[in-house]
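Reader: I want to learn how to read a model like this one. Can we go through it feature by feature?

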Amino acid sequence: MIKTTCAYCGVGCGVTATPREGGGFDIAGDAAHPANQGRLCVKGSALGETIGMEGRLLFPMMRERGGDASLQRVAWGEALDHVADRWRAIIDEHGPDAVAFYVSGQLLTEDYYVANKLMKGYIGSANIDTNSRLCMSSAVAGHKRAFGEDVVPVHYDDIDHADMVVLVGSNLAWCHPILFQRLSRAKEARPEMKIVVIDPRRTATCELADLHLPIKPGTDVWLFNGLLSYLSRIGAVDPGFVAAHTSGLEDALAVATLAPEEVARACRLNLQDLMEFYESFAATAKVITAFSMGVNQSSAGTDKVNSIINCHLIGGRIGKQGMGPFSITGQPNAMGGREVGGLANMLAAHLDLDNAAHRDAVQSFWESPGIASRPGLKAVDLFEAIEAGRVKAVWVIATNPVVSLPNADQVRRALERCELVVVSDVVRDTDTNAYADVLLPALAWGEKDGTVTNSERRISRQRAFLPAPGEARADWLILSQFALRMGYDGFGYASAAEIFTEHARLSAWRNSAEELPRAFNIGALATLGESAYDALQPTQWPAIATADAAPAARPFADGRFSHADSRARFIATVPRAPANLPDGEFPITLNTGRVRDHWHTMTRTGRAPKLADHIAESFIDLHPQDALLCGVKEGELARVSSQWGSMIARVQHGGGITRGSAFVPIHWNNQTASDARVGAVVNPVVDPVSGEPEFKHTPVTIDRFPVKWHGFILSRDALRLDALAYWTKVQGKDFQRYELAGRNAIEDFGAWARQLLGIKDDDADWLEYADRTSCVFRAVHLVDDRIAQCIFISARPDLPARQWLASLFDKAQLDVADRAALLAGRPIAAGADTGPTVCSCFGVGRNTICKAIREQNLTTPAQVTACVKAGGNCGSCVPELKKLLSEIRVEETA
Ligand code: SF4
């Protein structure tokens with residue numbers, strides 16, 4: 001059994017991979033890992049389904065501009081020589097700022113460290129930024145302003161001791177499920193613990209809340225300034241802490257003089273609810289304010305973070321058990337990237353680019369020929385500079401900016417015009433890889449070795465349990481071999497362990513009260529040998545004992561912060577409206593985010609059939625009244641457009657959205673849908689301090705996308721459906737599921753369908769029903785008595801549920817009853833249609849759960865689990881079970 005760490009979110013759950021007899025691995029939660037104590041959410045549980053070779057990039061590939069447009073396999077040496085030659089030529093002619101890395105919170109700390117050292121210490125530019133810019137750079141900037149260092153002062157254990165947990169802009173239930181479950185258990189053990197959710201949407205997380213404040217998007221600073229002012233007015237202040245350990249309170253209060261009535265108006269909240277929150281916060285010593293993308297992804301993200309931290313500083317609610325402001329990171333190694341200075345405005349080891357002493361410290365440690373002397377380009381600026389021709393070569397590593405960046409069509413234009421685009425990736429086809437001149441195969445999760453740091457500063461090992469496929473290499477090795485070709489010494493690493501120990505040594509370098517004190521100091525790990533590194537247990541800094549110092553229990557426990565005077569800073573946060581407000585042309589505010597069972601651009605979760613069913617198609621969640629005003633109906637397709645771009649998805653209600661807002665998930669892209677990249681729509685305006693874009697607040701208009709028909713296909717073989725006006729795709733078990741729509745009338749359904757499905761054999765076992773007048777068509781293609789493909793078309797989106805037909809792909813042979821029901825699309829036996837999947841682990845559908853609740857009179861999620869298993873494994877669907885229980889209760893009492 002190999003112990004490793006989950007590939008997805010910043011909770012950083014420990015995972016075990018145990019070889020299965022006959023091949024494959026059983027993936028389970030690591031009971032000894034403090035982050036999850038054996039539990040995994042549905043994404044973590046499905047990791048085993050994502051380690052296959054399908055679609056993998058296995059060899060270096062190259063294309064010559066102006067020559068053959070297709071990528072050709074080349075040897076590693078040729079690819080790296082080519083990249084080194086081109087980079088050297090560009091640097092010689094245009095200077096070091098003409099090249100750039102765009103990297104990722106998916107990288108391991110060791111990969112990140114080498115990329116950062118190479119760019120800042122040797123190439124001499126700080127043009128290295130990361131997709132972590134898009135999710136938590138506002139938290140980094142807020143921490144640095146308040147504490148003098150990017151330090152998260154809370155531990156997961158604190159949840160067990162808090163008396164109040166405030167979740168701001170965080171759908172914890174879907175985005176950090178294991179932490180949500182920890183919170184659920186704490187609430188169950190101590191029901192008096194108060195949970196407040198501050199979110200414009202009524203998300204699954206609200207099922208646990210005592211109070212939900214559906215705040216007007218973008219008004220968080222008003223809310224927390226109002227709280228600061230209230231706490232000060234009623235004397236809910238820790239004067240000793242404020243006097244001894246902080247500065248700047250008066251300035252912060254001067255811009256926060258808001259009466260609760262004004263706050264309620266600005267934030268569009270019920271005054272009574274607002275006062276309940278303020279009074280509870282004031283009356284509770286042990287408060288955790290956990291925040292995530294709803295706070296960070298904003299043109300005022302850094303101020304939002306500081307307005308929250310201000311409210312903790314005024315009462316001294318920091319540095320002690322059960323309290324503190326708690327930034328929850330999105331990616332598995334966003335925190336490790338911060339430790340090595342993976343952002344364009346940072347140096348390694350929590351040192352700063354704009355500080356000469358810090359630059360000297362890092363350069364002297366690296367013994368590098370130089371050091372970047374000014375911040376590099378942040379993500380959005382970087383791709384603008386590429387389009388403008390100022391940056392002429394970019395190397396994208398482990399990320400997919402054509403999908404994930406705001407104004408994503410601009411990113412396409414930038415890559416089209418860039419002289420040299422290098423991409424290191426795990427998969428062959430992504431929206432970004434389509435623009436690569438050089439594609440380099442990297443090791444994936446399960447194959448690579450290194451460390452990640454989670455949201456509570458716990459460093460854990462990711463360990464390889466699979467062999468390197470094809471010619472794939474570790475990212476640190478690819479970068480080191482490139483650096484050596486560039487003529488740089490200092491990159492002769494033989495292992496990830498060597499890099500980690502160098503990183504640990506740097507964290508301790510000049511790290512003393514007399515020189516450059518930082519809380520981040522993992523120097524105690526600098527002497528790990530290969531085997532000790534391999535055996536490294538999850539380790540949380542700063543709680544690492546050294547030869548001459550006992551471990552610090554937690555950051556800031558002694559009230560000393562990292563600013564030169566050891567005081568934390570209150571920051572005066574002047575409320576300001578989002579950069580672009582809805583108007584007559586773009587009247588709706590678009591919010592974007594994750595869904596429960598998918599991750600980023602689906603390059604990994606999209607391969608797991610277990611994760612495909614919960615939400616199989618991108619959607620636009622819209623309030624029914626707004627839908628009416630936009631002229632769209634639930635189930636129909638609509639186009640969401642902003643001044644930057646547009647995308648198409650299906651309209652739905654019921655996602656807890658307030659009037660005037662819409663929500664679209666971030667995951668779908670050109671590999672999985674015809675036109676569902678929401679990044680193309682998102683406003684590229686950024687926070688002036690952090691550079692983080694405004695993913696939660698883009699003014700848009702929503703219009704009907706008229707089609708003549710809707711349909712779906714389930715097919716064992718992958719299909720090319722580019723000719724259709726609309727399609728999306730997910731991977732089922734032994735089949736692909738496509739949702740479709742078309743704008744043209746179909747003359748001959750049978751011929752059209754057979755061509756679409758690629759059926760050439762006239763003798764194929766083909767069942768069909770066609771009613772051209774009503775535009776209804778259903779056909780099933782059988783091979784050897786098994787279902788091979790089916791296609792259902794209708795003028796309206798009221799097609800049969802897909803689950804029963806999907807279940808037939810598992811059968812070696814269809815029985816008579818199955819065959820008889822094929823063209824109906826639903827089973828003859830009543831109750832056999834389980835409905836849309838709610839519990840992905842056990843494949844339990846909505847209809848099954850609702851039936852059990854009604855017939856067995858169930859009242860709790862535990863009873864539902866006992867009855868139909870749903871919720872009995874990872875627990876990710878428990879909030880949805882609660883929702884179904886309360887909906888049925890309401891229905892029965894109506
Ligand atoms: Fe992975 Fe889920 Fe744990 Fe996040 S909560 S690290 S996705 S298992």
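**Reading the model, feature by feature**

Author: Start with one helix and its cover. The buried residues of H23 pack against four strands: E27 (709-715), E30 (765-771), E31 (776-783) and E32 (786-794). Keep in mind that this is a predicted model.

Reader: Which residues of H23 are the buried ones?

Author: Buried means under 20% relative accessible area. In H23 that applies to Phe749, Gly750, Trp752, Ala753, Arg754 and Leu756. The helix runs over residues 749-756, and six of its eight residues are buried, so H23 is largely enclosed by the rest of the structure.

Reader: Is there a general rule for which way helix residues point?

Author: Yes. An α-helix has 3.6 residues a turn, so residues three or four places apart point the same way.

Reader: What is found at the start of H23, and what follows the helix?

Author: Look at the start for a side chain reaching a backbone nitrogen. Here a side-chain oxygen of Asp748 comes to within 3.2 Å of the backbone nitrogen of Gly750. After the helix, check phi. Gly758 follows H23 with a positive phi, near 70°.

Reader: Now helix H16. Which of its residues are buried?

Author: Apply the accessibility test again. H16 spans residues 379-387, and its buried residues are Ala379, Val380, Leu382, Phe383, Ala385 and Ile386. The cover over them includes strands E6 (99-103), E7 (128-130) and E14 (393-397), along with helices H17 (401-404) and H18. Gly389 follows H16, and its phi is positive, near 85°.

Reader: H18 is part of that cover. Which contacts does Gln410 make there?

Author: Place the residue, then check burial, then list partners. Gln410 lies in H18, residues 408-417. Its relative accessibility is 6%, so Gln410 counts as buried. Setting aside neighbours within four places in sequence, Gln410 contacts Phe383, Glu384 and Glu387. Two polar details stand out for reading. The Gln410 side chain reaches the backbone oxygen of Phe383 at 2.9 Å. A polar contact, also of 2.9 Å, joins the side chains of Gln410 and Glu387.

Reader: On to backbone torsions. Which residues are joined by a cis peptide bond?

Author: Read omega. For the bond between Trp541 and Pro542, omega is about 5°, and the peptide is cis. Pro542 belongs to the loop between strand E19 (539-540) and strand E20 (568-569).

Reader: What about phi at Phe556? And is Phe556 buried or exposed?

Author: Check the sign of phi, then the residue type. Phe556 is not a glycine, yet its phi is positive, about 65°. Phe556 is in the loop between E19 and E20. With a relative accessible area of 5%, Phe556 is buried.

Reader: And Asp784: buried or exposed?

Author: The cut-off for exposed is over 50% relative accessible area. Asp784 has 70% relative accessibility, so it counts as exposed. Its phi is positive, near 55°, in a residue other than glycine. Asp784 is found in the loop between E31 and E32.

Reader: Next, the ligand. Where does it sit?

Author: Find the cavity, then the shell. The ligand sits in the second largest cavity. Helix H1 (42-45) and helix H6 (177-189) are the elements that give two or more residues to the shell around the ligand. The residues around it are Cys6, Tyr8, Cys9, Val11, Gly12, Cys13, Leu40, Cys41, Lys43, Gly44, Pro177 and Ile178.

Reader: How do the shell residues divide by type?

Author: Nine are nonpolar, two polar and one charged.

Reader: Take Tyr8 from that shell. Where is its place?

Author: Tyr8 is in the loop between strand E1 (2-5) and strand E2 (14-19). Its relative accessible area is 2%, and Tyr8 is buried. Compare sequence with space: Tyr8 and Cys175 are 167 residues apart in sequence, and their C-alpha atoms are 9.8 Å apart. Not counting residues up to four places away in sequence, Tyr8 touches Lys43, Gly44, Leu47, Thr50, Gly330, Gln331, Pro332, Trp599, Arg604 and Thr605.

Reader: One last case. How far is Trp222 from Cys206?

Author: Their C-alpha atoms are separated by 22 Å, with the two positions 16 residues apart along the chain. Trp222 lies in helix H7, residues 220-233. Beyond neighbours within four places in sequence, its contacts include Leu258, Val263, Tyr278 and Pro575.

Methods
Residues are numbered from 1 along each chain as its sequence is written. This is a predicted model: local features need pLDDT of at least 70, side-chain atom pairs count only at pLDDT 80 or more; totals for chains, interfaces and linings use all residues. Side-chain values use heavy atoms; hydrogens and water are left out. A residue is near a molecule or strand if one of its heavy atoms lies within 4 Å of it. On a 1 Å grid over the protein atoms alone, a cavity is a set of points where a 1.4 Å probe fits but cannot get out, and a pocket is an open set with protein on both sides within 12 Å along at least five of seven lines; lining residues have an atom within 4 Å of a point. A molecule sits in a cavity or pocket if more than half of its atoms lie within 2 Å of its grid points. Ala, Val, Leu, Ile, Met, Phe, Trp, Tyr, Cys and Pro count as nonpolar, Asp, Glu, Lys and Arg as charged, and the others, Gly among them, as polar. Buried means under 20% relative accessible area, exposed over 50%, partly exposed in between (1.4 Å probe, protein chains only). Contact means heavy atoms within 4.5 Å. A polar contact is a pair of N or O atoms within 3.5 Å; within protein, one must be able to donate a hydrogen and the other to accept it, and residues adjacent in sequence count only if both atoms are side-chain atoms.
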